[in-house]
Amino acid sequence: METIVETRNLRVEYRAQDSGSGRKVAVKDLNLIVRAGEVFGFLGPNGAGKTTTMNVLLGFVNATSGAAFLFGVDVREPIARQRIGYLPELTYYYKFLTAEELLRFYARIFGIPQAQADQRIDALLKLVELDHARKRPIKTYSKGMQQRVGLAQALINNPDLLILDEPTSGLDPLGRMKVREIIQRLKNEGKTVFFSSHELGEVETVCDRVAIINQGELKVEGRVAELVEKHHANLERIFLNIIGYQTQAST
Amino acid sequence: MNTILALAGVVIKELYRRKDFYVLFVLTAVITLLMGSVSFFHDTGIVRYVKEIALLLIWIAALVIAIGTTARQIPAERENRTIFPLLAKPVTRGQVIVGKFAGCWLACGLALMVFYVFFGVVSGSREHYWPVLSFFQAFWLQWVMLGIVVAFVLLGSVVFAAPSSNATISFIVVLGILLLGGHLNQVALQQPEPLRSIVYGVYFLIPHLEWYDVRDLIVYDWNRVGWLDCALATLYAATYAGLLLFGAWLVFRRKPLNV
């Protein structure tokens, strides 16, 4: 199966703001492989290095050492991002544009022909249930609607890989369910999804494989079912054990 | 090119959907029309004063639009986090810089055109005389000058995090160059060394924005600037704008994007 995402001994260091000239290691020699058609959950507590890893994959941050590849292309090359869709956590899209204009803007960046872009925009706005609000400025949208317009922009180029950074963060239960349904649908279409989330129940439901990192280090990686069987616990318990958290009952 | 035009299109949409341009245009129009409707001592030459005031207002409004629009572009992208989905597409930081420049410059050109059409109509209706080529030359030179200003502010927007500090510094620098830039060589002559060399250095380093101010030619109906001079002035502006954009790219390409 084709390798879609790969990191080889990925290390990211940056200057720590709170300790003078000291350097903080955000990601320590991370080796990951995500294959075509997988839904891959990337888990870890806040500050574990998830977003930094995603930032390297997206070309926002340069690795200190090691390398990262998307579809076998070095992430430092802009062309590596031609076949991906990215949904960041909490983004406020251009408020003066309508959803339709926003999607047209991104379609133009990908060089999608007008007729094809029209079809794609119609389909996406229906998919994320924003067809009724397509002509309204984004500034009039609720938070859930903004997140859904974000999901639509991530899908505008019909990507083979979707990178989602906490896609259900801040959404109500209905909004979460809709996002989950969309991820499931993409999985059925054979798309690869790489996403980070704190909603472990959700991860357990939709993911084929997960990786848990803590303090920049990969702690565990594997198929969800195998991990659950091996540790005789659900994903939440495994996660808490790995990050060293002891509940009152277990202590 | 598609990416640059797409980015520019968003900036232009932003300009005509915000109130800034309309407020400045209405203010300019009201002041000009009020001045034009007043008769002082039955002076037939009053139209010159009206033209002078209208052109001054157009210069001020154009600078406010250029600096205000450009200063917020990249900081707003970072603050609203729209820079992330944008750069997650096959877009380079260089394209972001050039796209933002193109958008701001074209938006300024559109706004300036509206102002000059209004000015032409008011001036022509009073004088019954339509020096279209002179007006076009004044418009062109001012627009070209705004290219340098936009590139300068864009460089400031990747250096300073706050759009307000960038806009304030840019205003002071641009006004300083417009008012004093042409006199720096004379100031240098009166200074002892090494200050003389420093002031001379500044004189040769700064872009001479005041060269693009041909308001007097229109107010007093003097001859137009030669078209070759116009072309050289355009080349000069393009060189400065290019250098400033290159500087902006150098700073922006390594800039961490976290807010």
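Which residue is the bridge partner of N214(A) in β10(A)? In this predicted model, that partner is E217(A), and the pair belongs to a ladder of six bridges through which strand β9 (residues 209–214) of chain A and β10(A) run in the antiparallel sense.

**The sheet of chain A**

Both strands are part of an open sheet of six strands in chain A, whose order is β6-β7-β8-β3-β9-β10 and whose pairing is mixed. At its edges stand β6 (84–87) and β10 (217–223) of chain A, and because each has a single partner strand, one side of each is left without a neighbour in the sheet. Direction ignored, neighbouring strands of this sheet are turned by 15° against each other on average.

The following table lists strand pairs of this sheet.

| Strand pair | Sense | Bridges |
|---|---|---|
| β6(A) and β7(A) | parallel | four bridges |
| β7(A) and β8(A) | parallel | five bridges |
| β9(A) and β10(A) | antiparallel | six bridges |

**Strand β7 and its surroundings**

On the side of β6(A), the bridge partner of G85(A) is L162(A), which lies in β7(A), while towards strand β8 (residues 192–196) of chain A, L164(A) has F195(A) as its bridge partner. The chain passes from β7(A) to β8(A) by way of helix α5 (residues 173–188) of chain A, and this β-α-β crossover is right-handed.

Is β7(A) buried or exposed? The strand is mostly covered, with five of its five residues buried, and the covering applies to both faces, since L161(A), I163(A) and D165(A) on one side are buried, as are L162(A) and L164(A) on the other.

**Helices across the sheet**

Helix α4 (residues 143–154) of chain A lies across β6 and β7 (161–165) of chain A and runs at about 165° to β6(A). Helix α7 (residues 224–231) of chain A, in turn, lies across β9 and β10 of chain A, where its direction makes an angle of about 105° with β10(A).

**The contact with chain B**

Between the two chains, 19 residues of chain B are in contact with 24 residues of chain A. On the side of chain B that touches chain A, the elements giving two or more residues are α1 (2–17) and α4 (83–87) of chain B, and α1(B) gives the most, with seven residues. Sorted by class, this side of chain B has nine nonpolar, five polar and five charged residues.

Key
Residues are numbered from 1 along each chain as its sequence is written. Chains are lettered from A and ligands numbered from 1 in the order in which they are written. This is a predicted model: local features need pLDDT of at least 70, side-chain atom pairs count only at pLDDT 80 or more; totals for chains, interfaces and linings use all residues. Two strands pair if DSSP finds at least two bridges between them. Axes are lines fitted to C-alpha atoms, for helices over the stretch in contact, and angles run from 0 to 180 degrees between N-to-C directions. Two residues are in contact if their C-beta atoms, placed from the backbone, lie within 7 Å. Ala, Val, Leu, Ile, Met, Phe, Trp, Tyr, Cys and Pro count as nonpolar, Asp, Glu, Lys and Arg as charged, and the others, Gly among them, as polar. A residue is buried if 20 or more other C-beta atoms lie within 10 Å of its own, exposed if 12 or fewer, and partly exposed in between; C-beta atoms are placed from the backbone. A crossover is right-handed if, with the strands pointing away from the viewer, the path from the first strand over the helix to the second runs clockwise.
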